Amino acid sequence: MKLKQNKTKRRRGVILTPKGLKRLQEAILSWEILQNKGDRLTLEQLSRQINVSTKTLSRLWSLSASVDHRTLKLCFGTFNLEVDEEDYTILTEENETGMSDLLTDVVSEKAEHLSQLSTEQIGNSLSYPDGAVSLDSPFYIERSPIEELVYREVTQPGCVIRIRAPRQMGKSSLVLRLLSFADTQNYHTVNLKCNQIDEQCFTNLNKLLRCICWQIATQLGLDPSLDDKWDEEIGCKLICSLYVQNYILKQCHNPIVLVLNDVDRLFEYPHIANDFFVLLRSWCEEARQNHNWQKLRLVVVYSTEKYISLDINHSPFNVGLPIRLHEFTQQQVEDLARRYGLKWTDGKESARLMSLVGGHPALVQLALYYLSSGTMTLSELIQEAIANGGIYRHHLQRHWAKLQVNPHLARVYTELVTTKQSTFIDPMDAHKLESLGLICFEGDRVLPRCELYRTYFVKQLSIIAS
């Protein structure tokens, strides 16, 4: 009888503990204050300073993926720290798990399950793709290293994250995952949507700030007590800052992640936009010297900044971590098709679909939803889309309706889709068109976002002309 040999667990590396991450972040912050005039280091600058790759740093900040012990000592030593045993956990091949691995396993498992279903079963089990991709959905496509970057940055004291992309490009889906990560860190979270604020609140700055403070307090489970704590005589910007500092931040011991969605709505109200963004910038500056303000982690979400004419030194749009969401690559489109159970030939069907809609996430998702149901072929989908809008008919009609209520914007877009040469577009018009997702920028050129838009709107314009 042979004795069963025990397998030796192979050492895989180490991950930071929350305590170790806090020590390292405090050391980096001190270095930034003393050696870098208080300016925050970007991930690339930090990579050069430590002499490790940005990918390795992203793994380190995630508190889930392993790095080797030598790298950990290098990161700590760069900022004059000794590594303590409580700063890290040793991983083995058997126990190496974490957030990234778990998410990958869940996605792979669901994708494999979908690939084994019949076309009819897939069509019956899928929900219509509309809005943000839910946290438990296997159809969320990671655009690495974006997720790792925002997870790492939100753990930084007083950080600012700027997420920019036109509508339906995945901003809300990314924010959902950022807030979920913040929950795992026991942070407080506030998700404030500017598009839900009543029009009357934009009549003056005081009303807007009271509205925002009320929402922050309410989402945190606090009694707003605005009438007791709001003294307009000292100025609404100052009282707003004091309210956040002395009432909100003082009562919350853990960091607060404040997400401001669709802040570019304020650009339509120039009489208050400048003061509002100056206020946000002042909060960023306070975080560099005030420990209480460092608990605030600001996430600003917007569609475009092409038209902004704010003082660069008094705006939050040139500080913090900038995140730009781009269209899906061909590889990502093919990955998503596999998750929908479609057996495509590499580079063939994806190229045909992208010749129509590019890598537009919402339009790609919609196409794959219909294709996976088996109700139409890719050729039929493309033919119908070109002929009358097809499955995109309602999407296109909504855009058309928005242009019709703004004749000037309709004329601008008409010129754009009917000419093959680059045209000059007023910055405010460019803002509105990019916010709608109707245009993209290729260097200095402004173009229709995809061939579907060009074909549809040219056809609509020819019908009107006739």
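Which residues touch the most other members of the largest nonpolar core? I shall answer that in a moment. Please note that the model shown above is a predicted one.

The largest nonpolar core has 51 residues, and those that touch the most other members are Ile197, Ile248, Phe276, Phe277 and Trp283. Two or more residues of this core come from each of the elements β4, α9 (205-219), α11 (236-251), β5, α12 and β6. There is also a second, separate core, made of 48 residues, with Leu126, Tyr369, Leu381 and Ala385 among them. As general background, nonpolar side chains tend to be buried together in soluble globular proteins.

Let me turn to strand β5, which spans residues 256-261. Is this strand enclosed by the rest of the structure, or open? Of its 6 residues, 6 are buried, so β5 is largely enclosed by the rest of the structure. Its residues point in two directions: Ile256, Leu258 and Leu260 point one way, while Val257, Val259 and Asn261 point the other way, and all are buried.

Next, the neighbours of β5. Strand β4, residues 188-193, is joined to β5 by 6 bridges, and the two run parallel. Within this pairing, Val190 has Leu258 of β5 as its bridge partner. Strand β6, residues 296-302, also runs parallel to β5, and 5 bridges join them. Here, Val257 has Arg297 of β6 as its bridge partner. How are β5 and β6 related through helix α12? Together with this helix, residues 270-286, the two strands make a right-handed β-α-β unit.

I now move from the buried parts to the surface. A nonpolar patch is formed there by Ile234, Leu238 and Leu242, and together these have about 230 Å² of accessible area. Ile234 belongs to the loop between α10 (226-229) and α11. Its relative accessibility is 39%, and therefore Ile234 counts as partly exposed; the range for that class lies between 20% and 50%.

My last example is Thr345, in the loop between α13 (330-339) and α14 (349-357). With a relative accessibility of 46%, Thr345 also counts as partly exposed. Along the chain, Thr345 and Glu334 are 11 residues apart, and their C-alpha atoms are separated by 9.0 Å.

To close, I return to the strand discussed earlier: β5 pairs in parallel with β4 and with β6, and β5 is among the elements that give two or more residues to the largest core.

Methods
Residues are numbered from 1 along each chain as its sequence is written. This is a predicted model: local features need pLDDT of at least 70, side-chain atom pairs count only at pLDDT 80 or more; totals for chains, interfaces and linings use all residues. Side-chain values use heavy atoms; hydrogens and water are left out. Buried means under 20% relative accessible area, exposed over 50%, partly exposed in between (1.4 Å probe, protein chains only). Helices (H or I, at least four residues) and strands (E, at least two) are DSSP runs, numbered from the N terminus. Two strands pair if DSSP finds at least two bridges between them. A crossover is right-handed if, with the strands pointing away from the viewer, the path from the first strand over the helix to the second runs clockwise. A nonpolar core is a set of buried Ala, Val, Leu, Ile, Met, Phe, Trp, Tyr and Cys residues joined through side-chain atoms within 4.5 Å. Patches are made of residues with over 30% relative accessible area and no salt bridge: like charges are joined within 9 Å, nonpolar side chains (Val, Leu, Ile, Met, Phe, Trp, Tyr) within 5 Å. Accessible areas come from the Shrake-Rupley method with a 1.4 Å probe; for residues, only the protein chains shown count as cover. A salt bridge is a side-chain nitrogen of Lys or Arg within 4 Å of a carboxyl oxygen of Asp or Glu.
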